[in-house]
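Please open the model in your viewer and keep the sequence panel beside it, since each stop on this tour begins with a selection to make.

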Amino acid sequence: MNETVEVMDIVAIYCRKYKDRPQIARVVQKTRNGYSIHWMTGSYSGPWAVAKKRDGRKKVPWVDNIKESDIICKKISLTSGQKLTNKVAQTLRALYAAKEGTKS
C-alpha cells in the first residue's frame with residue numbers, strides 16, 4: 001500500500017460519516033496537506049460517476065480536501081461500465097469492516 005497517489009487516480013476513503021457505502025473519489029491535485037478530490041457516487045454493484053452538488057442553480061462536481069491518512073485503498077480501477085470489479089468490492093468491504101472494528 002505504499003504506492004504514490006497520482007492526479008486522476010481513483011482512491012477509496014474512510015469517512016465515518018458515510019460508512020454505510022464505499023467512499024470513492026478521483027484525485028484532482030496534490031495539496032500541501034493531502035489531496036483535492038472529486039467525490040464519486042455509486043455502490044458496490046452499480047456504476048460510478050462524479051458526484052455533483054448544488055451551487056445556486058447549477059450542479060458542480062463535489063470537490064473536497066482530504067489527508068493522505070484518510071485513503072484506505074489506492075489505485076482503484078473501474079470496469080468499462082464504470083463499476084467496481086468483484087475483487088475490489090470484496091477488498092473494500094473487508095477494509096471498511098476492519099476500520100469499523102478498530103474505532104473506539
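Begin by selecting Arg-93 and Tyr-44, where the charged end of Arg-93 sits over the ring of Tyr-44, 3.9 Å from its centre. Bear in mind, here and at every later stop, that this is a predicted model.

**The aromatic pair**

Next, show Tyr-14 and Tyr-96, since the structure holds 1 aromatic pair and these two residues form it, in a tilted arrangement with 6.3 Å from centre to centre and 35 degrees between the planes. Tyr-14 lies in the loop between E1 and E2, whereas Tyr-96 belongs to helix H1 (residues 86–102), so the pair ties together parts that are 82 residues apart in sequence. Are these two rings buried or exposed? Tyr-14 is buried, with a relative accessible area of 15%, and Tyr-96 is buried as well, with a value of 6%.

**Strand E1 and its partners**

From Tyr-14, move to strand E1 and display its side chains: Ile-10 and Ala-12 point one way, Val-11 and Ile-13 point the other way, and all are buried. Now add strand E2 (residues 24–31), which pairs with E1 in the antiparallel sense over 3 bridges, and look for Ile-24 of E2, which stands opposite Ala-12. Adding E8 as well, you will find that E1 and E8 run antiparallel and are joined by 3 bridges, with Cys-73 in E8 as the bridge partner of Ala-12.

**Around Ala-12**

Stay with Ala-12 and select what surrounds it: leaving aside its neighbours within four places in sequence, Ala-12 is in contact with residues including Gln-23, Ile-24, Cys-73, Leu-92 and Tyr-96. Ala-12 also takes part in the largest nonpolar core, which has 16 residues, and Ala-12, Ile-24, Ile-76, Leu-84, Leu-92 and Tyr-96 are the ones that touch the most other members. Which elements give two or more residues to this core? They are E1, E8 and H1, and among the contributors H1 gives the most, with 4 residues. Apart from this core lies another, of 11 residues, which you can locate by selecting Val-27, Tyr-35, Ala-51 and Ile-71, all among its members. In soluble globular proteins, nonpolar side chains tend to be buried together.

**Along strand E8**

Return to strand E8 and pick out Ile-72, which is found there and is buried, with a relative accessible area of 7%. If you draw a distance from the C-alpha of Ile-72 to that of Leu-95, the two are 7.2 Å apart in space, although 23 residues separate them in sequence.

**The salt bridges**

For the last stop, turn to the charged side chains; how many salt bridges does a search of the whole structure find? The search finds 2, and one of them is the meeting of the side chains of Lys-75 and Asp-9, at 2.9 Å from N to O. This pair links distant parts of the chain, with Lys-75 in strand E8 (residues 71–76) and Asp-9 in the segment before strand E1 (10–13), 66 residues apart. Lys-75 counts as partly exposed at 38% relative accessibility, whereas Asp-9 is buried at 14%. Finally, select Lys-74 and Glu-68, which form a salt bridge whose closest N and O atoms are 3.5 Å apart; here the lysine, Lys-74, is buried, with a relative accessible area of 13%, while Glu-68 is partly exposed, at 35%.

Conventions. Residues numbered from 1 in each chain as written. Predicted model: local features only at pLDDT ≥ 70, side-chain atom pairs only at ≥ 80, totals over all residues. Heavy atoms only, no water. Salt bridge = Lys/Arg side-chain N within 4 Å of Asp/Glu carboxyl O. Buried < 20%, exposed > 50% of the residue type's maximum accessible area, 1.4 Å probe, protein only. Pairing = 2+ DSSP bridges. Phe/Tyr/Trp six-rings, centres within 6.5 Å; stacked < 30°, edge-to-face > 60°. Lys NZ or Arg CZ within 6 Å of the ring centre and 35° of its normal. Core = buried A, V, L, I, M, F, W, Y, C linked by side-chain atoms within 4.5 Å. Contact = heavy atoms within 4.5 Å.
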